[in-house]
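Dear colleague,

Please find below the structure I am handing over to you, together with its sequence. My notes on it follow directly afterwards.

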Amino acid sequence: MSLREILARGYFPKELPAPFITDNFADLLTSSTVPVSGDFSKSVTKKAKIPKAKSCLYMHARGGLLRRKLSICHPVLYYLLSREVDSNWASIVSVASGSALAATAPDKKSTGRAIDGKFTQGDRANLAITTRIGRRFILSTDISRFYHSIYTHSIPWALHTKPVAKANHTFALLGNKLDFLVRQGQDGQTVGIPIGPDVSLVLAELIMHRCDTALTDKLPNIKGHRFIDDYELSFKSRTEAEEAFHLLEICLSEYELALNPKKTKVSELPTPLESAWARELKTFQFRTSKRSQAADLEAFFSLAFELHRNSPGEPVLQFAIARLRSVRVDKGNWELFQRLILLCVTPEPATLPYALEQIISRVNAGYVPLMQEIQDILNNLIETHAPLRHSSEVANSLWGCLALKLRVQDQAADLVSSCEDSCVALLALDCQSKGLVSKPLRTGLWETQMCAEGLYDEQWLLAYEANVKGWLPSIGGADHVRADPNFGYLKANGVHFYEETRASPVQGGRVPSPALPSKFVQASYQSV
């Protein structure tokens, strides 16, 4: 696995809609024939004058009222950071692996994400079976706002130890380079690291491995596992579990981190290995005859709705819809199938990518979708969530309009025009370019970003991509992208971050499939 893979499969958050890509960016920056140019070519030194920039933000719906603020990192800073991580991989992994507790020690992957944890969320039950044997109690806890609370200076503390890092602030230490590049990529901020790119997992694991080691030094017989910041530790007595909690607090405080008391509990074993709702949905059986299958679909969704109500914050409905991938729907039940799936979308918008995937996979097999009902739901989601800057609800709705060639109606068009969100803006502009918007978008807000400064601000993706696609004019008429040494280099070499063919079907072609954001949901239903 190479730097190219980190840039191609480990850059943009996996939760973004399918058209957002980094493949050709990766190809250019690792090309053997086209020399790297601009700030991309600089070594990380104090005199290099590497620019500050901001990340684009993408507010992702996790379910219920829970949201995650994802970062689309600036390409210059993410490239430089990835290059340092890749070229120093051996020394980084020597610190960020080896903990007996770490289930998510960084591991280079040949498929999916470029860097991911050693174990997946689907391995939790198997790990629990191993680590709970011979124990009476488990301590479950996690870290408050983990990625958002990481102090960037703790990266060199973890990589080199705190005394060494505090005594040496030069770039002779790799940790100081990583710290600097993270800060430059978030406008100099020292608190928090971006959520979404694979390199952030590496940085987080550097710190957490140090905490694991400090804890196991104090408690050498401890058993358990940790997924990123989520601990399950097992003990012979409640007293041992409570003592471990306080010791873990001390270990984390060395890196300016703190446990979340609301998610901390000591439980007496035995406890379930997986959620009761997941078990019930996994084992539900569907019959094949038309009448029996119709009854089973209605019963399945009634069960899913009840489990959803009883398990707030859990991805029950996402799992339930994804579970249906293996069901061969009788054509006589196709309309009922769609309506039951669509019942989930408005009350739980996090289900939208899964609903679209179920419908589109069958449309590609020759089924006809409920176009008007789907169009009404997507427009309603845009109208409800655009004023709240809920990126994923609006972006996935616009993607659905592109994929199924549905209309964005007047009110939705007006509201989406007020969204300060690069992903939403680009999807809306694509809708307009395809004639899918019932009235012209008001692009004045977005046009304010079409300048040199916009390329390094929170809407850098819009400032670049809308220029490359010819969807918005540069302020003042001169091509602001071509004039910039970094983005001009990308444009001159054909780099684009938005692929239209992954949004709309080509003439006579298959409808594109959506990106599915949840690893847990995918891992769970794939095991059915």
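The following paragraphs set out what was found, beginning with the nonpolar core. Please bear in mind that this is a predicted model.

The largest nonpolar core holds 169 residues, and those touching the most other members are Phe25, Leu281, Leu398, Leu461, Leu490 and Phe497. Helix α10, spanning residues 198-218, makes the greatest contribution to this core, with ten residues. At least three residues come from each of domain 1 (3-50 + 67-268) and domain 2 (276-310 + 313-441 + 498-502).

Two of these residues can be followed further. Beyond its neighbours within four places in sequence, Leu461 is in contact with nine residues listed here: Phe12, Phe20, Cys56, Ile72, Ser422, Cys423, Leu426, Ala466 and Phe497. Leu281 is buried in helix α12 (residues 276-283), as are Trp277 and Ala278. Viewed down the axis of α12, the buried residues fall within an arc of 100°, so they line one face of the helix.

Strands β1 (residues 56-63) and β2 (residues 66-72) pair in the antiparallel sense over seven bridges. Within this pairing, Tyr58 stands opposite Leu70 in β2. The two strands form a hairpin with two residues between them, and Gly64 in the turn has a positive phi of about 60°.

Finally, Ala241 belongs to helix α11 (residues 238-253) and is buried, with a relative accessible area of 0%. Residues up to four places away in sequence aside, Ala241 touches Leu139, Phe235 and Val266. Its C-alpha atom is separated by 6.8 Å from that of Ile138, although Ala241 and Ile138 are 103 residues apart along the chain.

With kind regards

Conventions
Residues numbered from 1 in each chain as written. Predicted model: local features only at pLDDT ≥ 70, side-chain atom pairs only at ≥ 80, totals over all residues. Heavy atoms only, no water. Core = buried A, V, L, I, M, F, W, Y, C linked by side-chain atoms within 4.5 Å. Buried < 20%, exposed > 50% of the residue type's maximum accessible area, 1.4 Å probe, protein only. Helix = DSSP H or I, 4+ residues; strand = E, 2+ residues; numbered from the N terminus. Domains from an automatic or database assignment. Contact = heavy atoms within 4.5 Å. Pairing = 2+ DSSP bridges. Arc of directions from axis to C-beta.
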